[in-house]
Amino acid sequence: LPQIFVAAIPVLEKLEEAGFEAYFVGGSIRDLLLKRHIHDIDIASSAYPEEVKRLFPKTIDTGIKHGTVTVLYNGSSYEITTFRTESGYQDFRRPDHVTFVRSLKEDLKRRDFTINALAMNTKGEIVDLFNGLDDLHHHLIKAVGDPLERFHEDALRMMRAVRFMSQLQFDLEEQTEEAIRQLHYLLPKISVERIRDEFVKMGTGPNSRKAFAVFLDTELSEGAPDFAGKKDLLAIYPSLKFDPILESSLWAVIIILLKIANNEIGQFMRDWKNSNAMTSKVEKIVDLFDLLSERAPTDYELFEAGKETLLNTIDVAQILGQPINSEALVDRYMALPIKSSSELVIDGRFLIAAGVNPGPKLGELLTDIKKKVIAGELENSREAITAFLGNEF
Ligand code: ATP
Ligand code: MG
């Protein structure tokens with residue numbers, strides 16, 4: 001058993017000694033059995049939050065309303081969630097109202113997919129009440145219970161289904177897929193942030209093209225921001241050739257497929273509630289992509305783009321089958337006398353000390369010097385730049 005579980009066993013044992021049940025649950029069991037990296041573990045227990053708090057000296061009320069208490073033990077923190085059912089689903093979103101129960105079965109029943117409804121006790125024995133082991137073995141994403149009911153309760157689960165398809169390289173069980181096809185129109189009930197997080201996980205996972213095909217084919221895409229009516233443009237995605245890509249490259253590819261104009265990228269990224277940092281990364285990639293599709297960039301343009309944007313753009317061009325001479329571009333970039341402004345030996349203060357008046361002209365002069373250095377017309381040394389200034393004034 002991986003150390004991450006072993007270290008937590010005393011916590012579960014303490015709950016058991018007090019007469020409660022305690023299990024490892026959810027994604028960590030799935031990932032353990034798939035021999036995937038386990039990033040965190042979830043513990044479920046029949047103990048109510050107050051009972052958990054009484055047992056452990058150091059706790060944090062993480063989500064006490066939903067039954068989650070964080071226990072600090074031996075320098076680590078563990079989230080313990082009381083067995084619960086969810087009821088009164090309104091608005092097709094996860095309910096705010098949960099009911100604590102004493103039965104593991106009830107808790108596992110409310111989970112989304114059979115492979116996520118596995119539990120494991122302190123002895124390492126698996127509890128499999130919904131045939132999750134079989135589905136894991138057959139690489140199947142299958143809803144627990146009636147998929148129509150489950151997606152009605154929480155429409156995000158439809159996005160989670162395609163996300164897990166991509167991440168785990170699994171197939172979608174037939175009736176689960178059919179239910180998504182029927183209920184795809186419920187997706188807009190879910191917050192954009194949550195849709196986006198699942199979309200990005202889908203897009204950057206190893207099986208993203210197959211998952212994306214289902215995302216389009218079931219019409220789930222129609223409920224995603226700015227994707228309505230764009231199925232034809234996006235239909236190329238599943239036939240593109242690429243390995244998992246970075247998030248910024250994913251957005252750039254989508255934007256290029258959708259033929260979104262440069263001045264509308266900001267709005268698109270905002271519609272998806274992306275950060276400003278992500279938006280500017282993506283804008284730079286699309287700009288350089290557009291430039292490269294027309295002509296070779298100048299040295300200064302390569303410098304301005306920077307290494308990260310250049311490499312991401314090369315990635316995007318390769319994904320989209322745009323012929324570019326990536327090796328030559330990288331060679332040219334690597335041969336630049338300076339690769340970022342910070343490598344320039346002088347700055348504004350140096351110019352002021354050399355007698356240049358502060359003001360807009362100073363900025364222009366600095367840019368001019370930078371361009372000359374990049375073009376190889378001026379050496380990046382204080383002596384050479386001082387001499388150049390002497391000639392100018
Ligand atoms: P990841 O590796 O992305 O963390 P995960 O399966 O652990 O995958 P979480 O979002 O961390 O996903 O959720 C933990 C567990 O809670 C899931 O394995 C599942 O059992 C349950 N769960 C999460 N979201 C839902 C949902 N929307 N509906 C039903 N059960 C859910
Ligand atoms: Mg998790």
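In this talk I will go through the domains, the surroundings of ligand 1, one helix and a few single residues of this structure.

Please keep in mind from the start that what you see above is a predicted model. Let me begin with the overall layout, where the domain assignment divides the chain into domain 1 (1–138), domain 2 (139–226), domain 3 (240–336) and domain 4 (341–392). To give you a sense of scale, the C-alpha centres of domain 1 and domain 3 are 42 Å apart.

Now to ligand 1, where it helps to ask which domains contribute to the shell around it. Domain 1 and domain 2 each supply at least three residues of that shell. There are 12 residues around ligand 1, and those that come nearest are Gly 26, Gly 27, Arg 111, Asp 112 and Asn 116. If we sort the shell by class, we find 7 charged residues, together with 3 polar and 2 nonpolar ones. As for secondary structure, helix H8, which runs over residues 156–168, gives the largest share of the shell, namely 3 residues.

It is worth placing the annotation beside this picture. An unreviewed UniProt entry lists, under "binding site", Gly 27, Arg 30, Arg 111, Asp 154, Arg 157, Arg 160 and Arg 163. Gly 27 and Arg 111, which appear in that UniProt list, are also among the residues that come nearest to ligand 1 in the model.

Let me take three of the listed arginines in turn, beginning with Arg 157, which sits in helix H8. Arg 157 counts as buried, because 25 C-beta neighbours lie inside 10 Å, where 20 or more is what the term requires. Once its neighbours within four places in sequence are left aside, Arg 157 is in contact with Asp 112, Arg 150 and Phe 151.

Arg 160 is likewise found in helix H8, and its count of 20 C-beta neighbours inside 10 Å makes it buried as well. With the neighbours within four places in sequence again set aside, the contacts of Arg 160 are Asp 112 and Glu 198. Asp 112 is therefore a contact of Arg 157 and also of Arg 160, and you may recall that Asp 112 is one of the residues that come nearest to ligand 1.

The third arginine, Arg 30, belongs to helix H3, residues 27–33. Arg 30 is buried too, since 21 other C-beta atoms lie within 10 Å. Not counting residues up to four places away in sequence, Arg 30 touches Ile 115, Asn 116, Leu 118 and Leu 136, and of these, Asn 116 is again among the residues that come nearest to ligand 1.

I turn next to helix H9, residues 174–183, whose buried residues are Thr 176, Glu 177, Ala 179, Ile 180 and Leu 183. Why do they lie on the same side of H9? The reason is that they cover an arc of only 155 degrees around the axis. In general, an α-helix has 3.6 residues a turn, so residues three or four places apart point the same way. The buried residues of H9 pack against strand S10 (140–141), helix H7 (147–153), H8, strand S11 (171–172) and helix H11 (208–217).

Two loop residues deserve a moment, and the background is that most residues other than glycine have a negative phi. His 139, although not a glycine, has a positive phi of about 60 degrees, and it is found in the loop between helix H6 (132–137) and S10. His 139 is partly exposed, because 13 other C-beta atoms lie within 10 Å. Gln 169, also not a glycine, has a positive phi of about 60 degrees, and its place is in the loop between H8 and S11. With 15 other C-beta atoms within 10 Å, Gln 169 is partly exposed.

Finally, Ile 260 lies in the loop between helix H13 (247–257) and helix H14 (265–271). Is Ile 260 buried or partly exposed? It counts as partly exposed, because it has 18 C-beta neighbours inside 10 Å. Not counting residues up to four places away in sequence, Ile 260 touches Ile 255, Ile 265 and Phe 268. Ile 260 and Val 286, which are 26 residues apart in sequence, are 9.9 Å apart in space, C-alpha to C-alpha.

Definitions and conventions:
Residues are numbered from 1 along each chain as its sequence is written. Chains are lettered from A and ligands numbered from 1 in the order in which they are written. This is a predicted model: local features need pLDDT of at least 70, side-chain atom pairs count only at pLDDT 80 or more; totals for chains, interfaces and linings use all residues. A residue is near a molecule or strand if its C-beta atom, placed from the backbone, lies within 6 Å of it. Helices (H or I, at least four residues) and strands (E, at least two) are DSSP runs, numbered from the N terminus. Ala, Val, Leu, Ile, Met, Phe, Trp, Tyr, Cys and Pro count as nonpolar, Asp, Glu, Lys and Arg as charged, and the others, Gly among them, as polar. Domain bounds come from an automatic or database domain assignment. UniProt positions are given in the numbering used here, feature names are shortened, and annotations may be inferred rather than shown by experiment. A residue is buried if 20 or more other C-beta atoms lie within 10 Å of its own, exposed if 12 or fewer, and partly exposed in between; C-beta atoms are placed from the backbone. Two residues are in contact if their C-beta atoms, placed from the backbone, lie within 7 Å. The arc is that of the directions from the helix axis to the C-beta atoms.
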